[in-house]
Amino acid sequence: MSRKEITVLEDLLSSNKKIAREIREHLTSRGILTVNLLSSPGSGKTSLLERIAEILWPEHRLAVIEGDIETDLDASRIKARGVPAWQITTGGACHLEARMIARLLAEIPEETEFLFIENVGNLVCPAAYDLGENLRLVLLSIPEGEDKPLKYPKAFLTAHCLVITKIDLLPHIPFDLEKTKREARKINPQLAIFTTSARTGEGIRELVDYLFQQRERWLKSHA
Amino acid sequence: MWTISFSKENDGLNPMHELSLVASLFEILEAQRKKEGFKKITAVRLRCGTFSGVVPECLETAFEIYKKETHASEARLILEVVPVKFRCRRCGHEETAQDLPFICSVCQEQDIEILDGTELTLVSIEAEI
């Protein structure tokens, strides 16, 4: 019996990365800007999407993929507005993977301009998986506390945009908004930052304008 | 149909993402074993960046769970932890990061490019043939 050692040098995420690249290529060529939303559970991803849909729909076409461990509650909320939505239940997995999104590509309507993917509520694991998005949004709600960017750096470092949500709670909760922005920019100086409230609608329009700019930028660079 | 359900049984998904990654690792190991005609895998060397989003201890636990009843059931996992290395986009200085935030120690610039430390790579396999 003899022994042998072989060099492999293969990235364990290579199959996910390959599928993600194909998704990005496919959706961008169809004129769709894909946005991956990351946050802790309960920081308001679905409520933010409802508000965004209110502004966009039906003049502008969007579609939503909801990721959760169980239930189709979130997709139902979006569908109730007439917006095409799909629910992925992961059966326990803490994140979405590119191959899950790939299965739904054929169903995304032709005229779609924005595809939002709401990841499983978790600031750790989803940060490691490219879903083929053009834009990664990370949400941080006022009640969660200002230390999140420093505690979960990978999510904030890989994101393009930070949305601070539930800003209407600011008078009731000790939260240093400027310090949070400073710390988030310490982790990632390129972060675009928006402050929003899904309850009052504050800041949503500015965020939507940013999404339109990003879509234009992507389509231009792809043309 | 607007709900798609995935499960551990059918899709190899696991509640800890390190287990999902180890499942990918074993797919690669099995493919290599067949290709090379290995009888038994005795060691697996992985390079794991400190900023890969993976907890080395979880990866080790996942490996021990997964290897049972495979051709790597007696294999050792050798983990090489790689620190974050970055290059400053302003002055071009390269350094190993000690801690967050990643700031150039020469010119204090924060606009940096990460060169190393985000990877999770299967480096090599040792086997009996």
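Colleague: Which strand order does the open sheet of three strands in chain B have?
Modeller: This is a predicted model, where local features need pLDDT of at least 70, side-chain atom pairs count only at pLDDT 80 or more, and totals for chains, interfaces and linings use all residues. Residues are numbered from 1 along each chain as its sequence is written, chains are lettered from A and ligands numbered from 1 in the order written, and side-chain values use heavy atoms, leaving out hydrogens and water. Strands here are DSSP runs of E with at least two residues, helices are runs of H or I with at least four, both numbered from the N terminus, and two strands pair if DSSP finds at least two bridges between them. With antiparallel pairing, the open sheet in chain B has the order 5-4-6.

Colleague: Which are the edge strands of that sheet?
Modeller: Look for strands that pair on one side only. In chain B those are strand 5 (94-96) and strand 6 (112-116).

Colleague: Which residue in strand 5 of chain B stands opposite Arg87(B)?
Modeller: Strand 4 (residues 85-88) of chain B runs antiparallel to strand 5 of chain B, and three bridges join them. Opposite Arg87(B), in strand 5, stands Glu94(B).

Colleague: How many salt bridges does the structure hold over all chains?
Modeller: Side chains of opposite charge can pair when their charged atoms come close. The cut-off puts a side-chain nitrogen of Lys or Arg within 4 Å of a carboxyl oxygen of Asp or Glu. Over all chains, the count is 28.

Colleague: Why does the salt bridge of Glu128(B) and Arg3(A) join two chains?
Modeller: Glu128(B) is buried at 9% relative accessible area, while Arg3(A) is exposed at 53%; buried means under 20%, exposed over 50%, partly exposed in between (1.4 Å probe, protein chains only). Their side chains meet at 3.6 Å, N to O. The pair joins two chains because Glu128(B) sits in strand 7 (residues 120-128) of chain B and Arg3(A) in strand 1 (residues 3-11) of chain A.

Colleague: How many residues apart in sequence are the parts that Glu113(A) and Arg215(A) tie together?
Modeller: This salt bridge spans 3.8 Å, N to O. Glu113(A) is buried at 14%, and Arg215(A) is buried at 18%. Glu113(A) lies in the loop between helix 4 (98-102) and strand 5 (114-118) of chain A, and Arg215(A) in helix 8 (residues 204-222) of chain A, so the separation is 102 residues.
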